[in-house]
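Colleague: I should like to go through this model with you and ask what stands behind each label. Please set the values against the definitions.

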Amino acid sequence: MKTFGLLFLSTLFIGCSFQTDWKPLFNGKDLQGWHIYGAGDDFDGWFVDQGVLVLDPSKRKRARNSNLVTDLKFKDFELSLDWMISDNGNSGIFWGVKEDTSLYEHPYQTGPEIQILDDNYQEYIDQRGDINRASSLYGILPPSEIVSKPANQWNSVLLHIDHTMNEGFVIYNGVRVLEFPVNGKLWQKLIRDSSFKDWNGFGTYQTGKICLQDHGSRVAFRNIKIRNLN
């Protein structure tokens, strides 16, 4: 079984060719460029192990979620990363996060989510369906194909968000599994038809932070890169 302590690799996956405008969001050494939502540099449970960014909730000292967010905000971008989840694990990638704890206690109140999940977690799938599988637009759209690798193996994601062109898509393990609008009437209809319909602020911030979720599961990330589109 593969472990979370794998060496950092700097290759990009299928569907994402190397370009000089790609910039690392994670330097493989420390958490520079990131902080905990509403809690600054209190990286409770997050650490770097041999070039891999790891969240291990068993190492937390405080009973709270430690959602990791970027220091910078982004609007039109492509985000590329690899993730590995533990058995029956759950996490997520959020964008468009508004960090204002006076209004929003959690990142998920504003940021739409691309789901991270052990797709062999059958009890969860039976309860929630494909709309909440790995690579789904959580609670809104299911992936077109199920291409997840088992828990404790690496999966690769490219998230494309372009408000200027009103285009969003996800390439997951080399397969384009999601396409969706990111603003306007069609986007608003998707939200109205979801469980987020009464959440003021959800999916409304075109410029916002990127978040890696603490959902109580051990999860790891590597090769985190971003490029601005406009």
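Colleague: What share of the 230 residues of the protein chain counts as buried, and what makes a residue buried?

Modeller: Buried means under 20% relative accessible area, exposed means over 50%, and partly exposed lies in between, with a 1.4 Å probe and protein chains only. By that rule, 52% of the 230 residues are buried. This is a predicted model, in which local features need pLDDT of at least 70 and side-chain atom pairs count only at pLDDT 80 or more, while totals for chains, interfaces and linings use all residues. Residues are numbered from 1 along each chain as its sequence is written, and side-chain values use heavy atoms, with hydrogens and water left out.

Colleague: Why is isoleucine 114 called buried, and leucine 103 exposed?

Modeller: Isoleucine 114 has a relative accessible area of 1%, and is therefore buried. Leucine 103 has 53% and therefore counts as exposed. Isoleucine 114 lies in strand 8 (residues 113-117), whereas leucine 103 is found in the loop between strand 7 (90-97) and strand 8. Strands are DSSP runs of E with at least two residues, helices are runs of H or I with at least four, and both are numbered from the N terminus. The protein chain has two helices and 13 strands.

Colleague: Which residues does isoleucine 114 contact, leaving aside neighbours within four places in sequence?

Modeller: Contact means heavy atoms within 4.5 Å. On that basis, the partners of isoleucine 114 include Ile93, Trp95, Ser135, Leu159 and Leu178. Isoleucine 93 is 21 residues away from isoleucine 114 in sequence, with 5.1 Å between their C-alpha atoms.

Colleague: What is notable about phi of serine 135, and is that residue buried or exposed?

Modeller: Phi of serine 135 is near 75°, a positive value in a residue other than glycine. Most residues other than glycine have a negative phi. With 1% relative accessibility, serine 135 counts as buried; its place is in the loop between helix 1 (122-128) and strand 9 (155-162). Asparagine 88 also has a positive phi, near 60°, and sits in the loop between strand 6 and strand 7. Its relative accessible area is 43%, so asparagine 88 is partly exposed.

Colleague: What makes a set of residues a nonpolar core, and how many residues has the largest?

Modeller: The members must be buried Ala, Val, Leu, Ile, Met, Phe, Trp, Tyr or Cys residues joined through side-chain atoms within 4.5 Å. The largest such core has 45 residues, and those with the most contacts inside it are Leu79, Phe180, Leu212, Phe221 and Ile224. Its largest share, five residues, comes from strand 6 (residues 77-85). Apart from it lies another core of six residues, among them Tyr37, Phe94, Tyr104 and Cys211. Leucine 212 touches, among others, Trp34, Trp46, Leu81, Phe221 and Ile224, not counting residues up to four places away in sequence.

Colleague: How do you know that the protein chain agrees with a compact globule?

Modeller: The radius of gyration is taken over C-alpha atoms, and the globule rule is 2.2 Å times the number of residues to the power 0.38. With 230 residues, the rule gives a value near 17 Å; the protein chain has 16 Å, so the two agree. Along its principal axes the C-alpha trace spans about 45 × 45 × 40 Å. Among contacts between residues at least 6 apart in sequence, 69% join residues at least 24 apart.
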